[in-house]
Amino acid sequence: PKPNRDELVTDDKAKHLLVLRNGNFYTFDVLDKDGNIVKASEVQAHLKYILTDNTPTPEFPLGYLTSEQRDTWALLRQKLLENGNSDALKKVDSAVFCLCLDDFPIKDRNHLSHNMLHGTGFNRWYDKSFSIIMARDGMSAVNFEHSWGDGVAMLRFQNEVFKDTTQNPAVSPKDIPAAVDSSQAVTRLEFQLNDVLKAGISKAKDKFDAAIKTLSVDSMEFKLGGKEILKNYKVSPDAVVQLAFQMAF
């Protein structure tokens with residue numbers, strides 16, 4: 001974030017993944033020095049290591065700041081940089097994408113919608129181009145920052161990931177993770193916070209909590225037909241969905 005206008009940043013040399021769990025930030029390389037994807041069993045080992053880490057949720061979770069009004073967040077981000085967090089923030093910004101691991105199962109469709117749209121706030125980094133969110137029961141979705149691209153690109157990505165992981169999974173729960181030293185490969189990022197930053201995080205949390213209380217979600221599964229039926233009547237499926245949203249409110 002920048003005052004008045006955000007800046008889109010890409011790091012072609014980045015090789016690491018950002019993982020959020022319990023409001024803590026972890027990174028590890030998913031690409032080798034030649035740009036090849038590392039073995040799936042190594043990624044599995046590193047994720048298992050993160051899932052067994054007992055570090056509690058920070059008293060002042062940094063993720064809330066990314067839900068703030070942009071100019072407010074831009075000013076606080078500058079204070080983060082000035083307070084000795086430039087290296088940690090660069091790791092966050094340059095990661096290939098963000099994986100958010102939530103330590104709870106999904107209760108129902110409404111809970112699914114709320115969790116994947118906004119979640120608890122502390123286990124998200126909304127500035128990332130996209131985040132894959134996964135609950136403890138394996139339910140997952142993509143949350144993406146919309147200014148850089150359209151939903152069609154993310155839908156194509158998600159469809160390809162779903163197809164590949166269900167038809168040709170690289171690992172399964174029965175597989176044994178690689179015998180690697182994840183304590184050396186995985187880094188938990190530390191952030192230095194002063195009183196101004198702590199106050200900013202607390203205020204951002206209050207505003208976030210107030211905002212999500214104003215959002216109501218109800219869902220249903222329509223089984224009488226899909227996009228093909230609509231296309232037969234020469235009606236745009238997207239237009240019908242958009243009209244349904246408006247009718248609901």
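Here is a short walk through this predicted model, point by point.

1. Let's begin with the overall picture. A UniProt record, from an unreviewed entry, places the feature "domain: Choline/carnitine acyltransferase" at residues 1-249. Over residues 1-249 the chain is 42% helix and 11% strand. The C-alpha atoms at the two ends are 32 Å apart.

2. Strand 3 is a good place to look next. This strand covers residues 98-101, with C98 and C100 pointing one way and L99 and L101 the other way. All of these residues are buried.

3. What are the neighbours of strand 3? Strand 1 (residues 16-21) pairs with strand 3 in the parallel sense over four bridges, and V19 stands opposite L99 there. Strand 4 (residues 130-134) also runs parallel to strand 3, joined by four bridges, with C100 opposite I133. To get from strand 3 to strand 4, the chain passes through helix 3 (residues 109-117), and this β-α-β crossover is right-handed.

4. The two cysteines of strand 3 may catch your eye. A disulfide is a covalent bond between the sulfur atoms of two cysteines. Here the count of disulfides comes to zero. C98 is in no disulfide, and the nearest cysteine sulfur, that of C100, is 3.8 Å away. Why is there no bond from C100? The sulfur of C100 has its closest cysteine sulfur in C98, and at 3.8 Å that is too far for a bond, since the cut-off is within 2.5 Å. C98 is buried, with a relative accessible area of 0%, and C100 is buried with a value of 0% as well.

5. Now for the charged pairs: the whole structure has 12 salt bridges. One of them joins the side chains of D6 and R70 (3.9 Å, N to O). D6 lies in the segment before strand 1 and R70 in helix 2 (residues 70-94), so this pair ties together parts that are 64 residues apart in sequence. R70 also meets D71 in a salt bridge (3.9 Å, N to O), and D6, R70 and D71 are linked in a network. D6 is partly exposed at 39% relative accessibility; R70 is partly exposed at 34%, and D71 is partly exposed at 26%.

6. Another salt bridge worth a visit is that between D102 and R124 (2.8 Å, N to O). D102 sits in the loop between strand 3 and helix 3, and R124 in the loop between helix 3 and strand 4, 22 residues apart. Are these partners buried or exposed? D102 is buried, with a relative accessible area of 4%, and R124 is buried, with 2%.

Methods. Residues numbered from 1 in each chain as written. Predicted model: local features only at pLDDT ≥ 70, side-chain atom pairs only at ≥ 80, totals over all residues. Heavy atoms only, no water. Buried < 20%, exposed > 50% of the residue type's maximum accessible area, 1.4 Å probe, protein only. Pairing = 2+ DSSP bridges. Right-handed = clockwise from strand over helix to strand, strands pointing away. UniProt positions renumbered as here; feature names shortened; annotations may be inferred. Salt bridge = Lys/Arg side-chain N within 4 Å of Asp/Glu carboxyl O.
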